Amino acid sequence: MSLRFRLNLAAVRSPTTLLLPRSIISSSLVSTVVVRTSTRNISTLLQPFPLPHTTTPNNLATITTKRTLNTTTPTMATSDSITNWVDPNDRTGEFKRQVSSFRSFISRSDPSSPFPPEKGRYHLYVSYACPWATRALIVRKLKGLEDIISFSSVHWHMGPLGWRFPLAEEGKEGGDAAGDQVVPDPVGGKQYMREVYFGVEPEYNARFTVPVLFDKKEGRIVNNESSEIVRMLGSEFNEIVEDAKAKELDLYPEDLRAEIDEVNEWVYHDINNGVYKSGFATTQEAYERNVTKLFEGLDKVEKHLKEVQAKGKGEYWFGERLTEVDVRLFPTIIRFDPVYVQHFKCNLRDIRSGYPAIHRWMRHLYWNVPAFRETTNFLHIKKHYTCSHPQINPKGITPLGPVPDILPLDEEVEAVKAAKN
């Protein structure tokens, strides 16, 4: 099937790059045309429209293209692209994560809240590739919210227009982005995540991140800060959760809150965000400073988990109690060997041979707690990083290893086996 796209040239102005598909006549290949346009208008420029037998007005350019988006070959980012993770004018070379913009809360205790907990009202937009989004998806499963909050995943590729929604066939078994609920936008029928943002805030001028907790009833973004979404999903729907075990699970228990907050703080700066600060660094000094801090953080995690495991009273950060700490740390650790070691140059050690306590903790969560395994999609993880960061991997080649992506509970790499013997 072919679609025609209408580009309003009158709206085109600098300075943001827009990539438009251009079909090659009688060919299934797709190339790209680069147009300069404003950030605010990008989402409104690419709109499918029917093929009437009318004359195209002079101020419209018509591009006919097959509805096949070939995004596996990265396009080099320009100086103003959202895929430039470090400001080219920042001489420190440091990656600085933006502050999330939508910070409303779903509340069960505040009767005046515009966002009460209701079954079927909210939708969670995620990416299986994104560790920040995955933590929210994990909590959705842990807390038995599958029938209360719907979810969908974007395609793994992030280009100059940000995350895009997959075509129907891409998310199916055998597709290049196969996975549960990897489907076209089920809420508003958008093509890009940016359109969801612009639909709520036309003047929005920051990154188009996931997760996004969306209110289908009011057509509003409730929140796009993963830590706050985790907190909301962990508690605010308890009164309508039917599964007794899920309802009783408290990921942020009052007696551990001070400790959880303390651990979350340094784990975020040194490890969760540390891998990005290492991988996106554009100077040697920034890279060395951040990768050193990252491994100091991992050493700290290893020491703690080793002490917990030696007591023989549970496999979680707090022994027998699963908490936010486990949920927030896991998405980074599960990506470490498959992606961060090679792609982000976090290669002082890997997890499977260099951190036995962390390796044991990670595998326990993955193999013994379904919510962690069922929300981990290694296809999306590996393809996203290697094919969406052309400044790091310009050819978009995805390494085959490590094999397997995660080891079974009772297996070790040969170096660890030798050390034990």
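Author: Helices (H or I, at least four residues) and strands (E, at least two) are DSSP runs, numbered from the N terminus. The model is predicted.

Reader: Where does P211 lie?
Author: A cis peptide bond joins V210 and P211. Its omega is about 10°. P211 itself sits in the loop between helix 3 (193-200) and strand 10 (212-215).

Reader: A cis peptide bond joins G401 and which residue?
Author: Most peptide bonds are trans. Here omega is about -5°, and the bond is cis. The partner is found in the loop between helix 13 (378-388) and helix 14. G401 is joined to P402.

Reader: Q181 is not a glycine; what is its phi?
Author: Most residues other than glycine have a negative phi. Q181 lies in the loop between strand 9 (162-163) and helix 3. It is partly exposed, at 33% relative accessible area. Its phi is positive, at about 60°.

Reader: Which loop holds K345?
Author: K345 is not a glycine, yet has a positive phi of about 60°. With a relative accessible area of 41%, K345 is partly exposed. Its place is in the loop between helix 9 and helix 10 (351-354).

Reader: How many salt bridges does the structure hold?
Author: Side chains of opposite charge can pair when their charged atoms come close. One such group is a network that links E118, R121 and D215. The number of salt bridges in the structure is 17.

Reader: R103 and E228 form a salt bridge; how many residues apart in sequence are the parts it ties together?
Author: The closest N and O atoms of R103 and E228 are 2.7 Å apart. R103 lies in the loop between strand 5 (60-66) and strand 6 (122-126), and E228 lies in helix 4, so the pair ties together parts whose separation in sequence is 125 residues.

Reader: Is E228 buried or exposed?
Author: Its partner R103 is partly exposed, at 37% relative accessibility. E228 has 15%. The cut-off for burial is under 20%. E228 therefore counts as buried.

Reader: Which residue meets D255 in a salt bridge?
Author: The N to O distance of the D255 and R321 pair is 2.9 Å. The pair links distant parts of the chain, 66 residues apart: D255 in the loop between helix 5 and helix 6 (257-272), its partner in the loop between helix 8 (284-311) and helix 9 (324-343). D255 is exposed at 54%. The partner, partly exposed at 35%, is R321.

Reader: What separates K417 and E414 in helix 14?
Author: The two form a salt bridge, with closest N and O atoms 3.4 Å apart. K417 is partly exposed at 36%, and E414 is exposed at 58%. Both belong to helix 14 (residues 414-420) and are three residues apart, so the separation is about one helical turn.

Reader: What charge does the surface patch of D147, E242, D243 and E248 have?
Author: D243 lies in the loop between helix 4 (226-235) and helix 5 (244-248). It is partly exposed, at 42%. Asp and Glu count as negative. The charge of the patch is therefore negative.

Reader: How far apart in space are S109 and E236?
Author: S109 lies in the loop between strand 5 and strand 6. It is exposed, with a relative accessible area of 65%. S109 and E236 are 127 residues apart in sequence. Their C-alpha to C-alpha distance is 8.3 Å.

Reader: How many disulfides does the structure hold?
Author: C130 is buried, at 9% relative accessible area. C387 is buried too, at 1%. The number of disulfides is zero.

Conventions
Residues are numbered from 1 along each chain as its sequence is written. This is a predicted model: local features need pLDDT of at least 70, side-chain atom pairs count only at pLDDT 80 or more; totals for chains, interfaces and linings use all residues. Side-chain values use heavy atoms; hydrogens and water are left out. Patches are made of residues with over 30% relative accessible area and no salt bridge: like charges are joined within 9 Å, nonpolar side chains (Val, Leu, Ile, Met, Phe, Trp, Tyr) within 5 Å. Accessible areas come from the Shrake-Rupley method with a 1.4 Å probe; for residues, only the protein chains shown count as cover. A salt bridge is a side-chain nitrogen of Lys or Arg within 4 Å of a carboxyl oxygen of Asp or Glu. The place of a charge is taken as NZ of Lys, CZ of Arg, CG of Asp or CD of Glu. Buried means under 20% relative accessible area, exposed over 50%, partly exposed in between (1.4 Å probe, protein chains only). A disulfide is a pair of cysteine sulfur atoms within 2.5 Å.
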